[in-house]
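Me: I have a structure to read and would like some help. Can we take it feature by feature?

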Amino acid sequence: MAPPLVRVRFAPSPTGYLHIGGVRTALFNWLFARHHGGEFILRVDDTDQARNVHEALQPIMDGFKWLGIDWDEGPGMGGPHAPYFQSQRSDIYAEAVKKLLEAGHAYRDFSKPEEFAAERQAAEKEKRQFIYSRTWMAETDEDVKRFEAEGRESIVRLKMHREGKCEFHDLVRGDMSFEWRGEQDHVIQRKDGSCLYHLTSVVDDGAFEISHVIRAIEHLPNTPRQIFIAQSLGLELPIYAHLPFVAEPGSSNKLSKRKLDKYLKNRDFKVLYDHGEKIAEQIGFSASPETFNPVIVDFYREIGFLPDAIINYLLLLGWSLDDKTEDFTREAMIQDFSLDRITKAPASFDPQKLMSFQSRYMWRLDMDEKVEMVLPYLEKAGFAQTPASEETRSRVKSILEAANERISLAGDILDYSEFFQADHSLEYEEKAFRKRLVNAEAQRELLVKLRNILPGVEDFSAEHLDQILHTFVEEEGVGMGMIVHAIRVAITGKAVGFGLFEIMAIIGKDACINRIDRALKLVDQQQ
RNA sequence: GGCGCGUUCGUCUAGUGGUCUAGGACGCUGGCCUCUCACGCCGGUAACAGGGGUUCGACUCCCCUACGCGCUACCA
């Protein structure tokens with residue numbers, strides 16, 4: 001059976017984390033494949049990895065799975081072109097090098113690193129373009145013997161064209177043209193026999209029958225040398241599409257994991273990070289910058305983001321359908337995606353806009369889904385048993401209904417810990433306590449009066465409490481504001497929150513009374 | 001240095017020679033709603049990097065400059 005017309009790949013290095021920019025690249029590949037009914041392949045670029053590949057790959061695969069980006073071939077999936085780890089494909093690369101050597105498109109180079117470097121430096125000093133003299137190029141067996149007799153060791157270099165142009169069409173950039181003479185005789189094989197990126201990448205793209213290479217723009221200048229390799233090997237050229245990179249918030253520098261400290265100086269970025277850190281602290285997650293960092297996908301999963309929100313946001317980072325559509329379901333984005341609507345300029349990562357997608361997606365969730373999302377946070381923070389009791393679930397549901405748009409991240413449920421704390425251990429915000437109770441004698445008196453009618457309230461529902469409170473203020477001849485704040489602070493410890501009647505109903509009659517009594521007692525003690 | 005890519009509101013973007021006194025979204029902001037906060041609603045702010053062409057007409061085409069970024073590795 002003929003392979004499908006579209007086969008694309010994403011080739012991560014096993015670094016131990018999934019970078020948000022990488023996700024965007026993978027997403028575009030994935031969408032392109034799904035749109036065309038093609039295949040998306042994951043290949044592991046581990047040619048240069050000393051570390052434990054399996055361990056370093058797991059977070060990347062977990063990240064993709066969480067985001068709903070699935071691959072048709074690759075680690076964990078197998079496929080007709082296995083293995084999908086470059087570290088296990090050395091023989092294939094060695095074979096390709098041999099072929100290149102035999103055809104005269106590559107040569108053994110016996111230069112010593114310092115000799116080569118000296119040539120380069122000389123060129124730089126004279127401000128002329130460096131082109132290797134090929135002094136130590138060995139093309140015959142005699143050459144090899146001679147150089148080896150000198151005790152030299154060899155690597156393999158590409159014997160690049162030195163005239164003419166490399167022309168190709170890029171689906172995002174248009175027609176591209178590079179002078180061949182601008183290319184170096186790149187090394188493709190080290191003296192220990194291991195091969196370098198350009199070689200392995202091209203060989204695998206060929207072997208996997210990759211139809212379209214969709215990757216970040218930093219690879220654009222690499223394309224001529226890769227085309228050279230592919231042509232020299234007699235491979236069919238893939239179609240290229242180079243994506244703009246994802247930039248730092250408010251800058252055109254490429255987003256990098258290493259610069260967290262710097263990003264934290266950006267206000268919006270810091271807000272996001274602090275929001276996450278607050279949640280992480282409460283669930284006892286140790287926030288190491290290696291994994292807990294807004295350029296890494298794990299960060300978002302840990303604090304309760306929705307994969308769909310992240311994907312939707314990333315989709316619009318360098319791509320748009322028209323001048324207004326912003327919300328895309330998976331089906332819609334697969335349906336509408338096309339490479340020709342990709343932007344050419346770098347797109348900077350905007351934490352605020354990401355957050356606005358997240359909020360919208362969160363609000364739209366069904367109540368049951370929301371409860372399930374939020375429960376693990378309460379469990380980790382010690383506010384609920386695992387598994388949560390029916391009582392806890394129904395309380396959580398009430399809170400979520402009342403809190404409504406106030407919860408954007410699943411971890412935000414921890415902002416409402418007052419509903420899970422014991423009456424005697426509730427903490428009061430000092431400022432609110434002073435303003436609404438200690439320094440508010442009239443309000444306090446009203447609070448005492450109200451407290452005394454609460455025991456007689458049979459129906460403690462929000463609707464009924466609404467009535468009771470309104471009747472109360474009417475009879476007292478005061479505004480609602482005179483009583484609401486005092487109650488809120490007394491029973492939640494906080495100055496702000498959602499509707500007071502809902503709060504009272506959720507906390508319940510006994511607890512409300514207990515908390516009011518306790519608050520009043522604390523006021524006495526302070527005076 | 002050489003080569004390449006890019007440049008519309010603070011940010012993501014729409015715009016492919018006249019419909020652009022440049023549209024949408026996020027943000028910011030004024031007001032309304034209101035028991036606080038949030039939501040919601042109504043309104044506001046704000047951009048074609050600069051200079052030359054081409055053209056009756058340029059955000060759109062060409063050239064130059066500036067700025068940013070990338071490649072120029074026995075990294076990927």
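Me: Let's take helix packing. At what angle do the axes of α3 and α6 cross?

Reply: This is a predicted model. In it, the axes of α3 (residues 90-103) and α6 cross at roughly 100° and come within 10 Å. Angles of 65 to 115 degrees count as roughly perpendicular. That makes α3 roughly perpendicular to α6.

Me: Which residues of α3 and α6 meet?

Reply: From α3, look at Ile92, Tyr93, Ala96, Val97 and Leu100. Their partners in α6 are Leu199, Thr200, Val203 and Asp204. By class, this contact has seven nonpolar residues, one polar and one charged.

Me: How far can I trust the coordinates?

Reply: Start with the confidence scores. Where pLDDT is low, the predicted coordinates should not be read in detail. Chain A averages a pLDDT of 93, and 98% of its residues score at least 70. For the complex, the predictor gives an ipTM of 0.95 and a pTM of 0.95.

Me: Now the RNA. How many residues surround strand B, and which are the closest?

Reply: RNA strand B is surrounded by 60 residues. The closest are Arg120, Arg190, Ser252, Arg406 and Gly497. By class, the surface near the strand has 24 nonpolar, 17 polar and 19 charged residues.

Me: Which parts of the RNA lie within 4 Å of the protein, sugar and phosphate or bases?

Reply: Sort the RNA atoms within 4 Å of the protein by type. Sugar or phosphate accounts for 74% of them, and bases for the rest. Then go to individual atom pairs. A backbone N or O atom of Tyr197 lies 3.0 Å from a phosphate oxygen of RNA strand B. Ser320 places a polar side-chain atom 3.1 Å from a phosphate oxygen of the strand. Lys353 reaches a base nitrogen instead: a polar side-chain atom lies 2.9 Å from it.

Me: Which elements give two or more residues to that surface?

Reply: Among them are α4 (113-125), β5 (155-158), α6 (197-207), α13 (351-364) and α20 (500-507). The largest share, four residues, comes from α13.

Me: What about the backbone? Where are the cis peptide bonds before Pro83 and Pro387?

Reply: Check omega, then place the residue. The bond from Ala82 to Pro83 is cis, with omega near 0°. Pro83 sits in the loop between α2 (53-67) and α3. Thr386 and Pro387 are also joined by a cis peptide bond, with omega about -5°. Pro387 is in the loop between α14 (367-380) and α15 (390-403).

Me: What is phi of Arg134?

Reply: Its phi is near 60°, a positive value in a residue other than glycine. Arg134 lies in the loop between α4 and β4 (137-138).

Definitions and conventions
Residues are numbered from 1 along each chain as its sequence is written. Chains are lettered from A and ligands numbered from 1 in the order in which they are written. This is a predicted model: local features need pLDDT of at least 70, side-chain atom pairs count only at pLDDT 80 or more; totals for chains, interfaces and linings use all residues. Side-chain values use heavy atoms; hydrogens and water are left out. pLDDT is the predictor's confidence in each residue, from 0 to 100. A residue is near a molecule or strand if one of its heavy atoms lies within 4 Å of it. A polar contact is a pair of N or O atoms within 3.5 Å; within protein, one must be able to donate a hydrogen and the other to accept it, and residues adjacent in sequence count only if both atoms are side-chain atoms. Ala, Val, Leu, Ile, Met, Phe, Trp, Tyr, Cys and Pro count as nonpolar, Asp, Glu, Lys and Arg as charged, and the others, Gly among them, as polar. Axes are lines fitted to C-alpha atoms, for helices over the stretch in contact, and angles run from 0 to 180 degrees between N-to-C directions. Angles under 35 degrees count as roughly parallel, over 145 as roughly antiparallel, 65 to 115 as roughly perpendicular and the rest as oblique. Contact means heavy atoms within 4.5 Å.
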